[in-house]
Amino acid sequence: MGYSKDQLLVRLKELQIDFSQYEHPVVLTVEAQAKYVGNMGGALSKNLFLKDKKNRYYIVSALGDTKVDLKVLSQRLGLGKGGLRMAPEETLVEILQVPLGCVTPFAVVNESARHVSLLLDQGFRTHERCFFHPLSNDMSISLDACGLDNFLKSIGRDPSYVDLEANPPVGKDQPPDLAAYVPSVSTVLPDLPEKAPSSQNSIGNHVSAAINSAAVTAKVVKPAGNVQNVKEKSVNGVRPLFPAADVGKFVEQLLDRASALLLSEISEDSIKQHGGQLGAEVANNIKKCLREDLKNLATIFKNTAYTEGFYTGTHYQPKRL
Amino acid sequence: MEKKEGYLQEEEQVVNPWEVSAKDGGKIDYDKLIDKFGCQRLDQSFVDRVQRLTSRPPHVFLRRGVFFAHRDLNEILDAYERGDKFYLYTGRGPSSEALHLGHLIPFMFTKYLQDAFKVPLVIQLTDDEKCMWKNLSVEESQRLARENAKDIIACGFDISKTFIFSDFDYVGGAFYKNMVKVAKCVTYNKVVGIFGFTGEDHIGKVSFPPVQAVPSFPSSFPHLFSGKDDLRCLIPCAIDQDPYFRMTRDVAPRIGYHKPALIESLFFPALQGETGKMSASDPNSAIYVTDSAKDIKNKVNKHAFTGGQESIEKHRQYGANLEVDIPIKYLNFFLEDDAELEHIKKEYGAGRMLTGEVKKRLIEVLTELVERHRRARAAVTDEMVDAFMAVRPLPNMFD
C-alpha cells in the first residue's frame with residue numbers, strides 16, 4: 001500500500017507543520033464529517049477525484065461551500081465542454097491509494113499519484129485552518145494553508161491556488177486559464193485498454209542495407225526507462241519516482257546494437273571478400289558506425305543517473321545537530 | 001506576422017527574428033544576406049581548422065555548408081588553441097508543442113560543438129518573448145518551455161555541462177543587472193532601426209532584446225562562471241537571429257565585455273519547396289518529431305517538392321533539377337555519408353536514378369532520425385528537466 005496515515009502524521013511533525021488531529025468513526029461524506037468536526041474552528045473541504053478523456057487525473061480540493069462546476073473547470077483546463085468527469089472508484093484505490101470517501105490533497109504523496117494534478121481552492125487561504133483527511137477517513141486533521149504548502153513543497157509539488165468559482169471566457173483569443181494544470185503524462189492502469197507507445201512498433205520494418213543504420217534489428221529495442229505508463233504494480237507499493245539508471249538495461253542495449261551490426265557485417269559475401277582479414281575489417285566498421293550511437297545511449301544513461309543523484313540530493317534530510 | 005513599415009523595403013527579401021521571406025516569392029539570397037548583415041562566409045579552411053583542433057571529423061552540417069556564416073569564429077579558435085576555452089549559448093522560443101526537424105538543427109549542431117570542444121552550454125527558453133509576441137498566457141508559455149526542454153534534452157546534451165533556463169524563471173539578479181547595462185546603451189531609435197518596431201508595438205517587445213543579448217556575457221551566470229569574466233561566448237543559431245547579436249556585439253565593448261562570436265545556419269526548407277513556408281498550421285509543410293514512420297513516408301511521398309521531370313523518359317533524358325529538389329536538400333542536411341550523397345546527386349542529376357528511389361532513401365534516413373529522437377525523448381522525465389534547469393554549479397563543465 002502507499003503511505004499510511006501514521007507515516008503522514010510523522011512526516012508532518014518532522015516538517016514542524018502545525019496541525020490538530022481528531023479521530024472519529026469512518027465518514028464517507030462531508031456532511032458526516034461535519035457532525036464530528038464541524039464546530040472545531042476549521043473549514044471543511046470537499047475533495048473531488050476527476051479524470052479526463054485522455055486518462056489524466058485531477059484532485060480538486062475546495063471549501064465545502066465553494067461551487068465547483070465541472071463543465072466550467074473542463075473548459076478552463078482546455079478540455080472542451082464535457083471533458084471532465086468523476087474518476088471511477090477503482091482508480092481511487094489504484095492511483096491515490098486511499099479508501100472511498102477519502103480523497104485528500106495529501107494523497108499526492110504517493111508515487112502512484114505523481115502525475116495527478118492538484119487544484120487547491122484559493123478560499124483555503126482566507127481561513128485560519130481547514131480540515132482534510134490524512135489518508136484515512138477515521139480521522140480529520142486541520143492545518144492552515146501555509147502548513148499544507150510546506151508539506152507539498154517537501155514532496156516536490158508546487159502549491160498553487162485557484163479561484164474555483166471563476167468563469168472566465170475561453171475562446172480563440174482567450175486561452176484556457178488553467179491549461180497549465182493539465183498533467184503532461186497520462187496515468188494508464190493495467191486493466192484499462194491503452195495505446196502501445198508507437199516507438200516500439202515502427203522500427204521493425206525498415207531493413208536498410210546501409211551500414212550506418214544501427215536501428216536495423218528485428219528485435220524491438222526498448223526505450224531506456226519508459227515512464228509514460230504506470231504499468232507495473234509493485235509488490236510493496238513503493239515504486240521509484242522515476243526510472244532508475246539501470247545498468248543491466250543499458251548494457252543490453254549496447255550489446256543489442258553491437259550484435260545487430262555484427263550480424264549485418266558478416267555474410268557470405270563479406271567472408272569471401274575479406275577472408276582472414278574479416279575480423280579486423282568488421283572491428284573497424286563497428287567502431288566507426290557505433291561510436292555515435294553508443295555515445296548517445298551513454299549520455300542518456302549518464303543524464304538519468306545524474307538526475308537520480310540530483311533528486312536525492314535535494315530531498316535528503318540534513319543531519320540533526 | 002508583424003508588418004514592419006519603416007523596415008521593409010518592398011523589393012528586398014526580409015530576414016529578421018519574426019519574419020523570413022524571399023524577394024518575389026523566390027529563394028533566399030544568402031550572399032546578399034551576408035553582405036547586408038556584415039558577417040563572414042564560413043569557408044573550407046575553417047572546417048579544416050575545426051577538424052584539426054577537435055581531432056574528429058567535422059559535423060555533417062559543417063561539411064555541407066549548412067552552417068555557412070560566422071562572426072569572429074577565428075578569434076574563438078585562436079583563443080582555443082592558446083588554451084582559452086569558451087562557452088556555448090543557444091536558445092529556443094517555445095511557441096508550440098510540436099517541434100519539427102528544422103527546429104532541431106541548431107541543437108544537433110550545438111551538441112556536436114559541446115562534445116567536440118568539451119565546453120559548457122547555456123540554453124535560453126524565451127517563454128516571455130512568446131508570451132508577448134504570440135499572446136500566450138504566462139502559464140501556457142512556461143508550460144511550452146518545459147515541454148520543448150524535453151525535446152531539446154533528447155538531442156543528447158550532457159547534463160553535467162548544460163544549463164537550461166526559462167526567462168520567466170531566471171531573469172533577475174546578475175542577469176537583470178546586465179540587461180539594464182545593455183538597455184542603457186541602445187536608443188529607442190536604434191532598436192526600431194534594427195527590429196522594425198512601430199508606435200503600435202507594446203513596450204514589452206521594445207524592451208525584450210536585452211533579454212536575448214545578455215546570456216552572451218558570462219557574468220549573467222554567476223553560479224557558473226563567477227570569476228571568469230574573460231570567458232568568450234560562441235552562439236550557434238539560424239541567421240535570422242543575427243540582428244539580436246549585432247546589437248549585442250555593438251554594446252559589448254562599451255560595457256567591458258568580449259563580443260560574442262556567432263556561427264550561423266541556413267534556413268531549413270519547407271517540404272513544399274524553398275518558396276513555401278513552414279507553418280505550424282500546415283502539418284504537411286514539415287516533418288515533426290512526433291510523426292510516425294507512416295506519416296513520414298506519406299509526407300515525403302505526397303508533399304515533398306521534387307526536381308524530377310514529369311515523365312520517366314524526360315527524366316532519363318534531362319535529369320533532375322537538383323537546385324529545387326527537396327529530397328536532395330533534406331539528404332544534404334541529414335545523410336551522413338558524403339560518398340553516398342555524391343553518388344545520389346550524380347545519378348539523380350543525370351537522370352539515371354528516379355525520384356522514387358531518392359525519396360525512399362530520404363524516408364529511411366528521416367525515420368531513423370525521428371525514431372532515435374523519440375527514444376531519447378521517452379527517457380526524459382520531469383525530474384531530469386528540473387535537474388537541467390536547476391541553478392547549480394557545473395564543476396566538470398570543461399572536462
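These are my notebook entries on a predicted model with chains A and B.

**Entry 1: chain A overall**

I began with the secondary structure of chain A. I find eight helices and eight strands there. Chain A has 321 residues, and 44% of them are buried. I then looked up its accessible surface, which comes to about 17300 Å². Carbon and sulfur atoms hold 54% of that area. For contacts in chain A with a separation of 6 or more, I note that 69% involve residues 24 or more positions apart.

**Entry 2: the sheet in chain A**

In what order do the five strands of the open sheet in chain A run? I read β4-β2-β3-β5-β8. The pairing is mixed. I checked the edges next. They are β4 (84-86) and β8 (161-162) of chain A. Each has a single partner strand, so one side of each lacks a neighbour in the sheet.

I followed β8(A) to its partner. Strand β5 of chain A, residues 117-121, pairs with β8(A) over two bridges, in the parallel sense. Within this pair, I see D121(A) opposite V162(A) of β8(A).

Which helix packs on the sheet, touching β2 and β3 of chain A? I find α4 of chain A, residues 89-96. The strands it touches are β2 (45-52) and β3 (57-63) of chain A. I noted the angle too: the direction of α4 makes about 95 degrees with that of β2(A).

**Entry 3: the loop between α4 and β5 of chain A**

I moved on to the loop that follows α4. S112(A) lies in the loop between α4 and β5 of chain A. Is S112(A) buried or exposed? I read a relative accessible area of 6%; S112(A) is therefore buried, the cut-off being under 20%.

I looked up what the side chain of S112(A) reaches. One partner is the backbone oxygen of I95(A), at 2.7 Å. Another is the side chain of Q97(A), in a polar contact of 2.9 Å.

Q97(A) belongs to the loop between α4 and β5 of chain A as well. I count Q97(A) as buried, at 10% relative accessibility. I also checked its backbone. Q97(A) is not a glycine, yet its phi is positive, about 55 degrees. I flag this because most residues other than glycine have a negative phi.

**Entry 4: Q16 of chain A**

I found a positive phi of about 55 degrees at Q16(A) too, again not a glycine. Where does Q16(A) sit? I place Q16(A) in the loop between α1 (5-14) and β1 (20-23) of chain A. Q16(A) is exposed, with a relative accessible area of 71%. Q97(A), by contrast, is buried.

**Entry 5: chain B overall**

I repeated the survey for chain B. Its secondary structure comes to 20 helices and nine strands. Of its 399 residues, 59% are buried. I read about 16400 Å² of exposed surface for chain B, with 49% supplied by carbon and sulfur atoms. Taking contacts in chain B between residues at least 6 apart in sequence, I note that 77% join residues at least 24 apart.

**Entry 6: salt bridges**

How many salt bridges does the structure hold over all chains? I get 41. I then went through several in chain B.

R49(B) and E81(B) form one, with the closest N and O atoms 2.7 Å apart. I traced where the two residues sit. R49(B) is in helix α2 (residues 44-54) of chain B, and E81(B) is in helix α4 (residues 73-82) of chain B. They are 32 residues apart, and the pair links distant parts of the chain. I looked up their exposure. R49(B) is buried at 15% relative accessible area, whereas E81(B) is partly exposed at 48%.

R246(B) and D242(B) form another, at 2.8 Å from N to O. Why are R246(B) and D242(B) separated by about one helical turn? Both are in helix α14 (residues 242-251) of chain B, and they are four residues apart. I read 25% relative accessibility for R246(B), which is partly exposed. D242(B) is buried, at 0%.

D250(B) forms a salt bridge with R254(B), and I read 3.2 Å between the closest N and O atoms. D250(B) is partly exposed, with a relative accessible area of 35%.

My last look-up was a network of salt bridges in chain B. I list its members as R146(B), E147(B), K150(B), D151(B), R377(B), D382(B) and D386(B).

Notes
Residues are numbered from 1 along each chain as its sequence is written. Chains are lettered from A and ligands numbered from 1 in the order in which they are written. This is a predicted model: local features need pLDDT of at least 70, side-chain atom pairs count only at pLDDT 80 or more; totals for chains, interfaces and linings use all residues. Side-chain values use heavy atoms; hydrogens and water are left out. Two strands pair if DSSP finds at least two bridges between them. Contact means heavy atoms within 4.5 Å. Axes are lines fitted to C-alpha atoms, for helices over the stretch in contact, and angles run from 0 to 180 degrees between N-to-C directions. Buried means under 20% relative accessible area, exposed over 50%, partly exposed in between (1.4 Å probe, protein chains only). Accessible areas come from the Shrake-Rupley method with a 1.4 Å probe; for residues, only the protein chains shown count as cover. A salt bridge is a side-chain nitrogen of Lys or Arg within 4 Å of a carboxyl oxygen of Asp or Glu. A polar contact is a pair of N or O atoms within 3.5 Å; within protein, one must be able to donate a hydrogen and the other to accept it, and residues adjacent in sequence count only if both atoms are side-chain atoms.
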